[in-house]
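Me: I am new to this structure. Please take one part of the surface as a starting point, look at it closely, and then follow the chain inward from there.

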Amino acid sequence: MTKDPYYYETLGQNFENFMSDYDVAQRLVLIKHFLKSKRYGSILEVGCGTGRISRCLKAVTDDLTVNDISVKLSQTVAQDLGCRFLAGDCAHLNPDKKYDLVVSSECIEHTPDPYASLRQMSALLKEKGDLIITTPNRLWYPVLAVASALRLRKFDGIENWTWPSKTQRWLRTHHFKEIYFSGCHLFPWQLPLAKKILPPFDRYGPLLYPVMINYGFSARKMI
């Protein structure tokens, strides 16, 4: 059965209930590490959802544009933050400008082809613009499959997880340099006491990301 790319919009007010405060906080740590306290002339966030990452990005630019496949979500976040929005499928965006930074957290895995989405994000970058992505690690996909089969994981959107090693090769092939990888969540944070045990391991994300549940990267487009 073909999964609905608009599934996350249909969750409506329940969208936030499907997110973990702990997970979002750890991904924000990862993104802030990649940002390196820099300011950017213009930023596009792809897959803004309810805007939790957007608030962090708004603090480092005077020109933020938020995107989501859901018109409702992108409009709501833009209104809340006083920024621009660009609704639409991230693999087919055609904005009238390019950006100094494109950020996307936990989005590409919910698209039919994550690397097609990355190609389009690359096309939205200026020369020497930066790309920051976080996404789940394919290594852990069997756990997702079991949880879904047992109905322990209740939402049902598209899930196309990627291998960090394949993503590294893709970046090199598509003219990115200054590539830095890291990760978070060495094992599922839903387990008892995990939220107390996991943070020390996250400090070693640059070494452990190949086996972590979530990986992320920053990379600079050279042409």
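Reply: Trp 163 is partly exposed, because its relative accessible area is 41%, and partly exposed covers the range between under 20% and over 50%. The model is a predicted one. Trp 163 lies in the loop that runs between α6 (141-149) and α7. Together with Leu 139 and Val 211, Trp 163 makes up a nonpolar patch on the surface, and the three have about 260 Å² of accessible area between them.

The chain as a whole gives the setting for this patch. The chain holds 9 helices and 7 strands. It exposes about 11,300 Å², of which carbon and sulfur atoms supply 56%. Of its 223 residues, 52% count as buried. Among contacts between residues at least 6 apart in sequence, 68% join residues at least 24 apart.

From the surface, the next step is a covered element. The helix α5 spans residues 114-123, and 8 of its 10 residues are buried. The buried ones are Pro 114, Tyr 115, Ala 116, Ser 117, Leu 118, Gln 120, Met 121 and Ser 122. What lies over them includes the helix α7 (164-173) and the strands β1 (43-46), β4 (99-105), β5 (125-136), β6 (176-184) and β7 (214-221). At the start of α5, a side-chain oxygen of Asp 113 comes to within 3.0 Å of the backbone nitrogen of Tyr 115.

Ser 122 shows what this cover is like for one residue of α5. Ser 122 counts as buried because its relative accessible area is 9%, and the limit for buried is under 20%. Apart from neighbours within four places in sequence, Ser 122 is in contact with Phe 176 and Lys 221. Phe 176 is 54 residues from Ser 122 along the chain, yet their C-alpha atoms are separated by 9.2 Å.

One of the elements that cover α5 is β4, and Ser 104 is in that strand. Ser 104 is buried, since its relative accessibility is 1%. The side chain of Ser 104 reaches the backbone oxygen of Val 46 at 3.0 Å. Neighbours within four places in sequence aside, Ser 104 has contacts with Val 46, Met 121, Ile 132, Ile 133 and Thr 134. Met 121 in that list is one of the buried residues of α5.

Charged side chains also join parts of the chain. Side chains of opposite charge can pair when their charged atoms come close. The count for this model comes to 8 salt bridges. In one of them, Arg 39 pairs with Asp 62, and the closest N and O atoms are 3.3 Å apart. These two are 23 residues apart, with Arg 39 in the loop between α2 (21-35) and β1, and Asp 62 in the loop between α3 (52-58) and β2 (64-67). Asp 62 is exposed, because its relative accessible area is 76%, and exposed means over 50%.

Asp 63 takes part in another salt bridge, with Lys 97, at 2.6 Å from N to O. This pair too links distant parts of the chain: Lys 97 sits in the loop between β3 (84-85) and β4, Asp 63 in the loop between α3 and β2, and 34 residues lie from one to the other. Lys 97 counts as partly exposed at 22% relative accessibility, whereas Asp 63 is buried at 17%.

A further salt bridge joins two strands that are among the cover of α5. Asp 130 forms it with Arg 220, the closest N and O atoms being 2.8 Å apart. Asp 130 is in β5 and Arg 220 is in β7, 90 residues apart. Asp 130 is buried, as its relative accessibility is 8%. Through shared partners, salt bridges tie Lys 38, Asp 130, Glu 178 and Arg 220 into one network.

The cysteines come last. A disulfide is a covalent bond between the sulfur atoms of two cysteines. A search of the whole structure finds 0 disulfides. For Cys 83, the nearest cysteine sulfur is that of Cys 48, 8.0 Å away. For Cys 107, the nearest is that of Cys 90, at 4.3 Å. A disulfide needs the two sulfur atoms within 2.5 Å, so neither Cys 83 nor Cys 107 is in one. Cys 83 is buried with a relative accessible area of 16%, and Cys 107 counts as buried at 12%.

Terms used:
Residues are numbered from 1 along each chain as its sequence is written. This is a predicted model: local features need pLDDT of at least 70, side-chain atom pairs count only at pLDDT 80 or more; totals for chains, interfaces and linings use all residues. Side-chain values use heavy atoms; hydrogens and water are left out. Buried means under 20% relative accessible area, exposed over 50%, partly exposed in between (1.4 Å probe, protein chains only). Helices (H or I, at least four residues) and strands (E, at least two) are DSSP runs, numbered from the N terminus. Contact means heavy atoms within 4.5 Å. A polar contact is a pair of N or O atoms within 3.5 Å; within protein, one must be able to donate a hydrogen and the other to accept it, and residues adjacent in sequence count only if both atoms are side-chain atoms. Patches are made of residues with over 30% relative accessible area and no salt bridge: like charges are joined within 9 Å, nonpolar side chains (Val, Leu, Ile, Met, Phe, Trp, Tyr) within 5 Å. Accessible areas come from the Shrake-Rupley method with a 1.4 Å probe; for residues, only the protein chains shown count as cover. A salt bridge is a side-chain nitrogen of Lys or Arg within 4 Å of a carboxyl oxygen of Asp or Glu.
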